[in-house]
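Student: Could we go through this structure together? I would like to learn how each label is decided.

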Amino acid sequence: MQTVFAKSVPGRLGVVPEKPARSAGDMLPADLLRTGAPALPELSELDVVRHYSLLSRLNYGVDSNFYPLGSCTMKYNPKFTEVAAGFKEFSGSHPLLPELSGGEGQAAGNLEAVWLTERLLAEITGMKAFTLQPMAGAQGELTGILLIAAYHRARGNRKTRIICPDSAHGTNPASAALAGYEVVNIESRDGLVDPEVLSGALDDSVAGLMMTCPNTLGLFEKNLPEIVRLLRRVDALLYYDGANFNACMGRLRVGDVGFDVVHVNLHKTMATPHGGGGPGSGPVGVSERLLPFLPGPRVVRNSDGSFALQRDLPQSIGRVAPFYGNFAVCLKALAYMLRCGKEGLARASDYAVLNANYVRARLGGYLEVPYDRVCMHEFVCSAASLGEKGVHALDIAKALLDRGFHAPTIYFPLIVKECLMIEPTETESKETLDAFCDALISIVKSADSDPRSLLDAPLTLPVRRLDETRAARSMVLTEDLDKGA
Ligand SMILES: *Cc1c(COP(=O)(O)O)cnc(C)c1O
């Protein structure tokens with residue numbers, strides 16, 4: 001691959017800029033003027049079009065093919081949500097507008113969109129109120145734990161520990177530690193949090209429990225009522241990691257179960273293409289008891305139907321993000337919720353669960369499925385039995401790339417050896433799921449007949465096997481033109 005600079009040929013032209021009416025020397029002080037020509041590549045228009053078209057085809061995304069990345073939920077995001085977020089009434093308004101005198105009125109539509117998104121999320125999850133500020137799931141977790149800390153502080157509770165089951169997402173213990181808590185890890189039993197194990201870890205020093213549900217094994221935690229009861233006894237709060245609420249929409253209201261805080265990843269649950277670090281949104285919902293501590297300012301609806309910012313929040317933990325969060329992502333979620341309606345959201349979750357169970361059932365005879373029972377929107381399987389042939393989860397993942405599929409998540413969660421975590425999402429057709437299963441089954445068969453062929457994969461991509469650690473730690477982001485590409 002050559003960069004656009006390496007393709008440059010001196011003197012070749014793509015555009016002929018208009019001659020400016022006045023020279024730069026007339027308009028700028030002499031010390032700001034360039035002394036030499038800028039180092040831009042010289043190319044024809046066709047060279048440029050081909051270069052970027054090629055780059056766009058090297059990019060892999062849901063718009064081009066199946067992307068079964070467990071936990072990350074790389075689902076198809078309908079284009080109408082992009083249109084809604086792009087309405088110029090939204091995209092053209094300055095984010096500081098509501099802060100200006102009289103600005104609340106001018107930004108009324110934006111404030112209403114924030115208010116309505118929060119109300120709908122509260123309705124779907126059964127929580128009292130939401131904040132849209134957190135810009136990712138992990139930031140939502142940190143916000144939630146700070147809310148829990150504020151609650152205990154206000155009551156004069158001295159609490160130092162947060163419990164995280166080993167089936168929780170890795171960001172959970174990280175968020176609790178970042179908020180200053182000691183993290184207590186408890187082991188799951190048969191894939192689930194066991195009330196007996198939990199009670200062994202509970203005492204008055206416990207501030208809360210962070211539950212990922214469905215957990216990272218793709219299983220629904222069936223002991224929730226008992227867990228809630230145990231925590232209430234020591235005045236500990238319950239955090240619900242709803243990053244994967246795409247499995248539960250319209251079927252579970254966590255507030256009704258007794259959870260105090262929840263975050264929902266809009267970029268996994270509603271609509272927003274994500275990956276490569278963003279953009280995301282991890283709104284946080286709370287029960288009545290945590291209401292006073294929510295980040296501010298809050299959008300409120302006055303009795304005359306107008307919208308305003310409420311700043312007088314004496315117990316608030318303060319802002320956790322600039323403005324009101326990732327506003328455009330929230331707009332996409334709002335468009336998605338309004339378009340789907342209650343039944344549509346439930347149907348999306350039902351299909352996510354159905355698709356995962358279909359793939360699980362088809363692969364069951366070929367790869368070990370350690371928790372082989374009805375799963376939620378994703379499931380884990382293990383390549384451990386192929387170890388004697390010298391084939392590992394990594395080799396299966398690489399071989400899938402040659403067959404045109406993105407690999408599933410591998411080596412996560414840590415509690416399953418040689419783990420492959422598969423999440424098909426709700427929008428995929430049976431044909432696509434079958435093609436993926438066929439490819440995976442043919443790879444497992446090759447592991448028996450010709451393991452060598454898998455160890456060399458991928459053979460068809462621009463790069464082969466990278467040293468992933470070195471690629472991240474010693475990034476090379478510039479090209480040495482003298483050496484050529
Ligand atoms: C993705 C995920 C997170 C983290 O969300 P980010 O937006 O990546 O910070 C947390 N918990 C679970 C269960 C997840 O799947």
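Tutor: Gladly! Let's begin with a definition: buried means under 20% relative accessible area, exposed means over 50%, and partly exposed lies in between, using a 1.4 Å probe and protein chains only. One caution: this is a predicted model, where local features need pLDDT of at least 70, side-chain atom pairs count only at pLDDT 80 or more, and totals for chains, interfaces and linings use all residues. Residues are numbered from 1 along each chain as its sequence is written, and side-chain values use heavy atoms, with hydrogens and water left out.

Student: Why is D235 called buried or exposed?

Tutor: D235 has 18% relative accessibility, so D235 counts as buried, the cut-off being under 20%.

Student: And what makes D235 and R289 a salt bridge?

Tutor: A salt bridge is a side-chain nitrogen of Lys or Arg within 4 Å of a carboxyl oxygen of Asp or Glu. In the pair D235 and R289, the closest N and O atoms are 3.8 Å apart, and the pair forms a salt bridge. The two partners sit in distant parts of the chain, 54 residues apart: D235 in the loop between α10 (224-233) and β5 (237-242), R289 in the loop between β7 (284-286) and β8 (298-301). Helices (H or I, at least four residues) and strands (E, at least two) are DSSP runs, numbered from the N terminus.

Student: Why does R289 get its accessibility label?

Tutor: R289 is at 31% relative accessibility, so R289 counts as partly exposed.

Student: What about D448 and K389: how do you know that the two form a salt bridge?

Tutor: Their closest N and O atoms are 3.1 Å apart, and the limit is within 4 Å. For accessibility, D448 is at 55%, so D448 counts as exposed, while K389 is at 35% and therefore counts as partly exposed.

Student: What makes R452 and D456 a salt bridge?

Tutor: Their side chains meet at 2.9 Å, N to O, which again fits within 4 Å. D456 has a relative accessible area of 32%, so D456 is partly exposed. Salt bridges that share partners also join R155, R232, D235, D260 and R289 into one network.

Student: How many salt bridges does a search of the whole structure find?

Tutor: The search finds 30.

Student: Now the ligand. Which residues around the ligand come nearest?

Tutor: Of the 14 residues around the ligand, these are G137, A138, D241, H267 and K268. A residue is near a molecule or strand if one of its heavy atoms lies within 4 Å of it.

Student: What makes H267 a polar contact of the ligand?

Tutor: A polar contact is a pair of N or O atoms within 3.5 Å; within protein, one must be able to donate a hydrogen and the other to accept it, and residues adjacent in sequence count only if both atoms are side-chain atoms. A polar side-chain atom of H267 lies 2.8 Å from an oxygen atom of the ligand. For N265, an N or O atom in the side chain is 3.0 Å from a ligand oxygen atom.

Student: Last one: why is N355 called buried or exposed?

Tutor: N355, in helix α13 (residues 327-363), is at 8% relative accessibility, so N355 counts as buried. Its side chain reaches the backbone oxygen of T425 at 3.0 Å.
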